[in-house]
Amino acid sequence: MSKLDYLFTSESVSEGHPDKVCDRISDAIVDTYLTALPEARVAVETLCTTNRIVLAGEVRGPDSITDKTLEEVARHAVKEIGYEQVGFHWKDAAVEVHVHAQSSDIAVGVDAAGNKDEGAGDQGIMFGYAVNETEHLMPAPIYYAHAILKSLAEARHSGAEPKLGPDAKSQVTLRYVDGKPVGATSVVVSTQHSEGASQEEIREIVRPHVLNVLPEGWMCDEEHFYVNPTGRFVIGGPDGDCGLTGRKIIVDTYGGAAPHGGGAFSGKDPTKVDRSAAYAARYLAKNVVAAGLADKCLIQLSYAIGVPHPLSVYINTEGTGKVDEAKLSQVLRELMDLTPRGIRTHLGLNRPIYARTAAYGHFGRAPEADGGFSWERNDLVDELKRAFA
């Protein structure tokens, strides 16, 4: 095959996957602090295993948020996901809290003071990406992998499919011809289920959710439609496998279709550029593609701890650009202040909007009225078009 004709695969995991349970708890803690104090600093990790939840990290926030508060937040997150199983139950799990004050050394380098603007919370590189393969300008394989699991979760929560459990994974392989996706060559779905449900029964529960998500005519053949290939998936979630915050960074972003800087998002307040700058890079890349300036756009930002402005802004339209990339980089810098404070202000990130991001991807979601997924707005399109008229 030429480089334009190929197969590409992405996976997703559900909100009940052990790592996603941890992401959800950590982001619910971020929301708790930002509700009490929009300028709070939070970096909290979660570990989940059989009937045990461990919280650890650093915070700077109001004393009214106690260890007991954090325990209640964790239990509520697990309850919302739907875990009421013998090996992992929101009410019965032991919860340990090891959260302490943020390092004063980090605070000195990061906080604004006098004429010094707020610096980045850490060094690192962050990537944003957009491509016109789907309505929301996401790579098609990860977009459909997320949508399958989201559809199954909605059916489980509504009671329409009571035999499904919270833990699930999906994997979608698409065929590309002339660089465009044209159909699925295989679909894999593994989903936790109730005792006694057969593999064939679960297969037929899953099938309509896949068919409804994929474009018409894209379904793979029956031989390559895999549902619970091991035959049984009753023990799941943290009871079946230990979970940790931040282990699903490719699921969270572009499914491997674009580079990743390595920093996780969940459990971090928006002063951490691992999170906020990745959101900014996605926002800019999406607006470039939405404005018709390129079919694909990859943006890399880099930062140094304590330094406000990015050290570099790299743009690659992968040969699909219709404008000069050097000029595009300059125009984007003029349209958006890419300092940590500038990003948070432009996108309104100091709000409790993060628990909802913990499953089914941080990107490719619709902007919400309360500021959720603000980085998915297309509000720079007109200005970009004017700049290159």
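## Two cysteines without a bond

In this predicted model, the sulfur of cysteine 48 lies 3.6 Å from the closest cysteine sulfur, which belongs to cysteine 22, and that is too far for a bond. A disulfide is a covalent bond between the sulfur atoms of two cysteines. To count as one here, the two sulfur atoms would have to be within 2.5 Å. Cysteine 22 is therefore in no disulfide, and the structure as a whole holds zero of them.

Are these two cysteines buried or exposed? Cysteine 22 has a relative accessible area of 0%, so it counts as buried. Cysteine 48 is buried too, with a relative accessible area of 0%.

## The nonpolar cores

Let's turn to the nonpolar interior. The largest nonpolar core has 80 residues, and Ile25 and Ile53 touch the most other members. Helix α8, covering residues 273-290, supplies the largest share of this core, with 11 residues. A second, separate core holds 28 residues, including Leu164, Val172, Ile202 and Ala359.

Isoleucine 53 is worth finding in the viewer. Setting aside residues up to four places away in sequence, isoleucine 53 touches Ile25, Thr46, Leu47, Cys48, Ala74, Val78, Phe88, Ala93, Ala94, Val95 and Glu96. Cysteine 48 from the opening section is thus among the contacts of isoleucine 53.

## Tyrosine 33 in helix α1

Helix α1 runs over residues 18-36, and tyrosine 33 lies in this helix. With 3% relative accessibility, tyrosine 33 counts as buried. Apart from neighbours within four places in sequence, tyrosine 33 is in contact with Ala40, Val42, Val59, Gly61, Pro62, Ile65 and Leu70.

One of these partners, isoleucine 65, is 32 residues from tyrosine 33 along the chain. In space, the C-alpha atoms of the two residues are separated by 7.5 Å.

## A helix with a bend

Next comes helix α5, made of the 15 residues 199-213. How does its span agree with what its residues should give? At 1.5 Å a residue, α5 should span 21 Å, and its end C-alpha atoms are 21 Å apart, which agrees. Even so, α5 bends by about 25 degrees at valine 206. A proline, proline 208, follows within four residues of that bend.

Which residues of α5 are buried? They are Ile202, Arg203, Ile205, Val206, Arg207, His209, Val210 and Val213. These buried residues pack against helix α4 (140-158) and against the strands β8 (164-177), β9 (180-193) and β10 (225-227). Ile202 is also one of the residues in the second core.

## Two buried charged residues

Arginine 275 is found in helix α8, and at 0% relative accessibility it counts as buried. The side chain of arginine 275 reaches the backbone oxygen of phenylalanine 265 at 3.1 Å. Beyond residues up to four places away in sequence, arginine 275 touches Asp27, Phe265, Ser266, Gly267, Lys268, Tyr354, Thr357 and His362.

Aspartate 252 sits in helix α7, which covers residues 249-252. Its relative accessibility is 3%, so aspartate 252 counts as buried. Leaving out neighbours within four places in sequence, aspartate 252 is in contact with Lys20, Asp23, Phe265, Ala358, Gly361, His362 and Phe363. Phe265 and His362 appear among the contacts of aspartate 252 and also among those of arginine 275.

Terms used
Residues numbered from 1 in each chain as written. Predicted model: local features only at pLDDT ≥ 70, side-chain atom pairs only at ≥ 80, totals over all residues. Heavy atoms only, no water. Core = buried A, V, L, I, M, F, W, Y, C linked by side-chain atoms within 4.5 Å. Buried < 20%, exposed > 50% of the residue type's maximum accessible area, 1.4 Å probe, protein only. Contact = heavy atoms within 4.5 Å. Polar contact = N/O pair within 3.5 Å; in protein donor to acceptor, adjacent residues only side chain to side chain. Expected span 1.5 Å × (residues − 1). Bend = angle between axes of the 7 residues up to and from the residue.
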